[in-house]
There are 2 protein chains.
Amino acid sequence: MAKLFGYLFIIASFFSFALCLGEEESVLRQPNEKAPLRFSGDSTFKITLFADLHYGEAAWLDWGPEQDRNSSRVLSAVLDSEIPDFVIYLGDVITANNLPVPNASMYWDQAISPTRNRGIPWATLFGNHDDAQFEWPPEWFSASGIPRVSCPPADFSFSGKECYFGGTPRMELMKMEIEKNKLSYSASGPKELWPSVSNYILSVSSAKDGASPVVFLYFLDSGGGSYPEVISRAQVDWFYHRSKAINPDESVPEVIFWHIPSTAYEKIAPRPRSAIRRPCVGSLNEESVAPQEAEWGIIDILTKRSSVKAVFVGHNHGLDWCCPYEKLWLCFARHSGYGGYGTWPRGARIIEMTEHPFSLKSWIRMEDNTVHSEVTLSS
Amino acid sequence: MAKLFGYLFIIASFFSFALCLGEEESVLRQPNEKAPLRFSGDSTFKITLFADLHYGEAAWLDWGPEQDRNSSRVLSAVLDSEIPDFVIYLGDVITANNLPVPNASMYWDQAISPTRNRGIPWATLFGNHDDAQFEWPPEWFSASGIPRVSCPPADFSFSGKECYFGGTPRMELMKMEIEKNKLSYSASGPKELWPSVSNYILSVSSAKDGASPVVFLYFLDSGGGSYPEVISRAQVDWFYHRSKAINPDESVPEVIFWHIPSTAYEKIAPRPRSAIRRPCVGSLNEESVAPQEAEWGIIDILTKRSSVKAVFVGHNHGLDWCCPYEKLWLCFARHSGYGGYGTWPRGARIIEMTEHPFSLKSWIRMEDNTVHSEVTLSS
């Protein structure tokens, strides 16, 4: 009998331990032990999305650094007009396949600097250009030769370590951003999702109660550059289990961010170069959607959760619309950088949320301070 | 007057110093201070060319390691039939874009091992697959996930250095080969030719007089993988000046080796899948020439030197012919490895030279011990 009680005790202890672990799992801590993000006193939370900045492009020409200065001007103008609570860098922050330097973080830091200088917290995620391999311009092998760049052959030790151009991997970029910046809310996600790195969740709490989440922001790494342009099945499973754990009754609204549009975007896209008609809202429809290579279930999972309100992506510089897809919205940001293809005027998508009741609005703020394409995504 | 003599003395000293430097330049030392290569007692020197071995391909499947075993069988069979004095690995030794390991030198070493085990000296040069970036198979991101390979996510430290697949650069591959192998005659070329690495010259001396060169072997890196598929203008200049310095009167025959055919090969190629007719000699004509991206002058320089007898390349697995081009011969080797595309029977091109008078013959030795396509390239 004593033995039976002993066994029951062990089993009970095991279950309470398991339950305790389960509960720990369901609590969302802000990554890197940062102060919680909070709605402001007037119960709003405003986010600026900077997409496709492409810092460091053609850095060996006069043209390149000039574009970076132009991009910084856009960022400053938008930040000073909107004064957001938070900034999200939506991938293709740099053009790594174009960087004639051994470490890409210098250009990464340039992109972050207008936000940091204004004391605004931010988060970043990766696009397909951020840790792409350096692509040698074929003309560097003609008579003109390799131009004078940060890492010329004369400077590298030929007997041991080579000087490489570009190629700073996602993990290292993220590590350098986080370690150097107190205002960064970025994080490297669970290691089992590797080579995908920028997978993490941020909670934005009520102005009045820091322990009460009002909205969850999910960041996913849609690949590209050093590996295929996909959201993997492992990421889908991670999203499924994490969202179930932290928001089991789907009572807290959820907003999703990644870089490369899903194939679902193709299904609802207005015909390229035609007018954008309701229910879609936007101003730029100049190209076809360039989607991920495969769809392994993320959109299915998202549409099944009533709490998911919208997905925001970049990647297509010639698109800036939002269109409904089943019960949620699929939105493009706006090409914010002077790097990258396309000469459409630069701007940034703004997201504004209110707390009581929860609402989600968005508009586009242009470099010249004009505003357009306002749309209500949840009310 | 004394002053004038003083000036003349300084000028004369300067000229003799410059002449002395010039002379030093013109002497060819074997790279890495190796024992000089010599024609054998019967005044012949026989080389086996192993092309496109592609070790390490699809290493996470049963298929991959099986192909590597097959390739080693080919190498052993050819070496035992021919018993050459020297072996040249003509690029695409490994398939680096397919290596799920952090360091490619393990597969490089497998490729070298049949030659080393027989005590035969060798030299290597780089092909477009040897330091290509690892290409993630898209299916690794589906439900099946990343297979158990040498460097699974579970083994890497997520907080610091990432575990990378493939991607060992040319410099490092070459360094590891040279440091570990006394029989290797490979070398990293002058640093001003970087990112091109396998650029060097070997001298083969007379059986009777070790100081008297009978033939010079030139190795060039034709790029590809981590940078464009070209022989750069800098390499052309290097070849021009070095060949002028060590063989100013063009009295010593010269034979040239690189991986990717020049555009000149296209000009003389028999129509794909047609019979190979004289003056061309060969057995395999199953595809179009896949040439370098640009031609920046190497062929012009070679055709202007009467001492250049032939160029040998790999790359096209479905071609094994030699054709004359102006005063020299352009030859393909023979696909020796079971890795890489194509199922044509495997073999190796053999080169045999004699000393007095100089002659250059070639034939192809197959895995099944048969011989075909004998051709005289210089007599």
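The questions and answers below go through the predicted model of chain A, from its overall make-up to single residues.

User: How are residues, chains and ligands numbered, and which cut-offs apply to this predicted model?
Analyst: Residues are numbered from 1 along each chain as its sequence is written, while chains are lettered from A and ligands numbered from 1 in the order in which they are written. Side-chain values use heavy atoms, with hydrogens and water left out, and in this predicted model totals for chains, interfaces and linings use all residues, whereas local features need pLDDT of at least 70 and side-chain atom pairs count only at pLDDT 80 or more.

User: How many helices and strands are there in chain A?
Analyst: Helices (H or I, at least four residues) and strands (E, at least two) are DSSP runs, numbered from the N terminus. On that basis chain A has seven helices and 13 strands.

User: What share of the residues of chain A count as buried?
Analyst: Buried means under 20% relative accessible area, exposed over 50%, and partly exposed in between, with a 1.4 Å probe and protein chains only. Among the 379 residues of chain A, the buried share is 58%.

User: Where does helix H3 of chain A bend?
Analyst: Helix H3 covers residues 105-117, and its 13 residues should span 18 Å at 1.5 Å a residue (the expected span being 1.5 Å times one less than the number of residues). Its end C-alpha atoms are 17 Å apart, which agrees. The bend (the angle between axes fitted to the seven residues ending at a residue and the seven starting there) is about 35°. Pro114(A) follows within four residues of the place of the bend, Ala111(A).

User: Which elements do the buried residues of H3(A) pack against?
Analyst: The buried residues of H3(A) include Tyr107(A), Trp108(A) and Ile112(A). With contact taken as heavy atoms within 4.5 Å, these buried residues of H3(A) pack against strand S2, helix H2, strand S3, strand S4 and helix H4 of chain A.

User: Which residue forms a salt bridge with Arg73(A)?
Analyst: A salt bridge is a side-chain nitrogen of Lys or Arg within 4 Å of a carboxyl oxygen of Asp or Glu, and the partner of Arg73(A) has its closest atom 2.7 Å away, N to O. Arg73(A) lies in helix H2 and its partner in the loop between strand S12 and strand S13, so the pair ties together parts that are 294 residues apart in sequence. Arg73(A) is partly exposed at 43% relative accessible area, and its partner, partly exposed at 22%, is Glu367(A).

User: How many residues apart are Glu254(A) and Arg305(A)?
Analyst: The side chains of Glu254(A) and Arg305(A) meet in a salt bridge of 2.9 Å, N to O. Glu254(A) is in strand S7, whereas Arg305(A) is in the loop between helix H7 and strand S8, and the two are 51 residues apart.

User: Is Glu254(A) buried or exposed?
Analyst: Its salt-bridge partner, Arg305(A), has a relative accessible area of 6% and is buried. Glu254(A) itself has 0% relative accessibility, so Glu254(A) counts as buried.

User: Which residues does Ser212(A) touch, not counting residues up to four places away in sequence?
Analyst: Ser212(A) has its place in the loop between strand S5 and strand S6 of chain A, and it is partly exposed, with a relative accessible area of 27%. With residues up to four places away in sequence left out, Ser212(A) touches Val204(A), Ser205(A) and Ser206(A).
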